[in-house]
Amino acid sequence: MEETSVPKFFMRDGALELSSTKELVHLEARDLSVYYGKRVGVGRVNLSLYRNRVTAFIGPSGCGKTTFLRSLNRMHDLTPNVRVQGQVLLDGSDIYGPGTDPIQIRRRIGMVFQKPTAFPTLSVYDNVVAGLKMVGLRDRKRLDEAAERSLQQAALWDEVKDRLRAPAAGLSGGQQQRLTIARALAVEPEILLMDEPTASLDPISTQAIEDLLGTLKQQVTIAIVTHNMQQAARISDYTAYFLNGELIEMDSTSKMFTKPNDKRTEAYITGRFG
């Protein structure tokens, strides 16, 4: 496992500023580009996610941050006319390498989307264990243990333990989003990708999700797309700024929000652009 200085990948006009902090690279994109037909969605991104840390992707709408996020667990495989070029190394192995099973990759790198994706007609319990059943797990004891563990991790167990057989449609929006997180956690991923997971939630539910991330990062590595600068500042250890399909810079969140390297980053963070 590679130990590296942070950030090791931001260079502009020959200048590279390194932090003295040492981190363990969990996942690394190398010269990663995503094409929609002939159009470039993101171009030649080099970026690392660090183990048991939260990394926020920020930038204006259409800048490529979600496109990049979806490339990190091969979600683009499911979209016609999308081509990914470059490498994504998970613990040093390329997830796009020959013979790599994308289903196994998505078990190791889970994803939570902007809108809660709970299955409303299924029970709370069946929502949580859906992924495990899809990969063939039928042992009731193991399913029960996974459901309780995942709901505990998602800070939802106390709220639903007496209604596990009730339809998920009866949960609030914030509870459904935490249920979606529990379902992603049930297959025990190493990395969790989150695309605007609080965008459709009220402030109380948003705070619950943000509090949850602080606990979850002790168990998984997290990357989150957000348009909310305050949220990125509150929850993330590192922040990456995207613009027009390019990674402009990435650094520790404290440094990015106080002394960014690039004037374009400063303009965005201070609200003068975007």
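Which residues of β8 are buried on one side, and which on the other? On one side they are Ile 191, Leu 193 and Asp 195, and on the other Leu 192 and Met 194, so to speak a strand with both faces covered. Keep in mind that this is a predicted model. Strand β8 takes in residues 191-195, and five of its five residues are buried, making β8 a handy place to start a tour.

Let's look at the neighbours. Strand β7, residues 109-112, runs parallel to β8, and four bridges join the two. One place to find this pairing is Val 112, whose bridge partner in β8 is Met 194. Strand β9, residues 221-225, also pairs with β8 in the parallel sense, over five bridges. Here you can check two spots: Ile 191 stands opposite Thr 221 in β9, and Asp 195 has Val 225 as its bridge partner.

Now step back to the whole sheet. It is an open sheet of six strands, in the order β7-β8-β9-β4-β10-β11, and its pairing is mixed. The edges belong to β7 and β11 (246-252), each of which pairs on one side only. On average, neighbouring strands in this sheet are turned by 15° against each other, ignoring direction.

Next come the helices that lie across these strands. Follow the chain from β8 through helix α7 (residues 203-216) to β9, and you have traced a right-handed β-α-β unit. Helix α7 lies across β4 (54-58), β8 and β9, and runs at about 150° to β9. Helix α6, meanwhile, lies across β7 and β8, at about 170° to β7.

Helix α6 (residues 173-186) also packs against helix α4 (residues 140-153), with the axes 8 Å apart and at an angle of about 130°. That angle makes α4 oblique to α6, and their crossing is right-handed. If you'd like to see who meets whom, look for Arg 149, Ser 150, Leu 151 and Gln 153 on the α4 side, and Leu 179, Ala 182, Leu 185 and Ala 186 on the α6 side.

One last stop is Gly 86, which lies in strand β5 (residues 82-90). Is Gly 86 buried, exposed or partly exposed? Its relative accessibility is 34%, so it counts as partly exposed. Leaving out residues up to four places away in sequence, Gly 86 touches Arg 30, Asp 31, Leu 32 and Asp 94. Arg 165, on the other hand, is 79 residues from Gly 86 in sequence and 45 Å from it in space, C-alpha to C-alpha.

Methods: Residues are numbered from 1 along each chain as its sequence is written. This is a predicted model: local features need pLDDT of at least 70, side-chain atom pairs count only at pLDDT 80 or more; totals for chains, interfaces and linings use all residues. Side-chain values use heavy atoms; hydrogens and water are left out. Buried means under 20% relative accessible area, exposed over 50%, partly exposed in between (1.4 Å probe, protein chains only). Two strands pair if DSSP finds at least two bridges between them. A crossover is right-handed if, with the strands pointing away from the viewer, the path from the first strand over the helix to the second runs clockwise. Axes are lines fitted to C-alpha atoms, for helices over the stretch in contact, and angles run from 0 to 180 degrees between N-to-C directions. Angles under 35 degrees count as roughly parallel, over 145 as roughly antiparallel, 65 to 115 as roughly perpendicular and the rest as oblique. A crossing is left-handed if the near helix is turned anticlockwise from the far one by less than a right angle, and right-handed if clockwise. Contact means heavy atoms within 4.5 Å.
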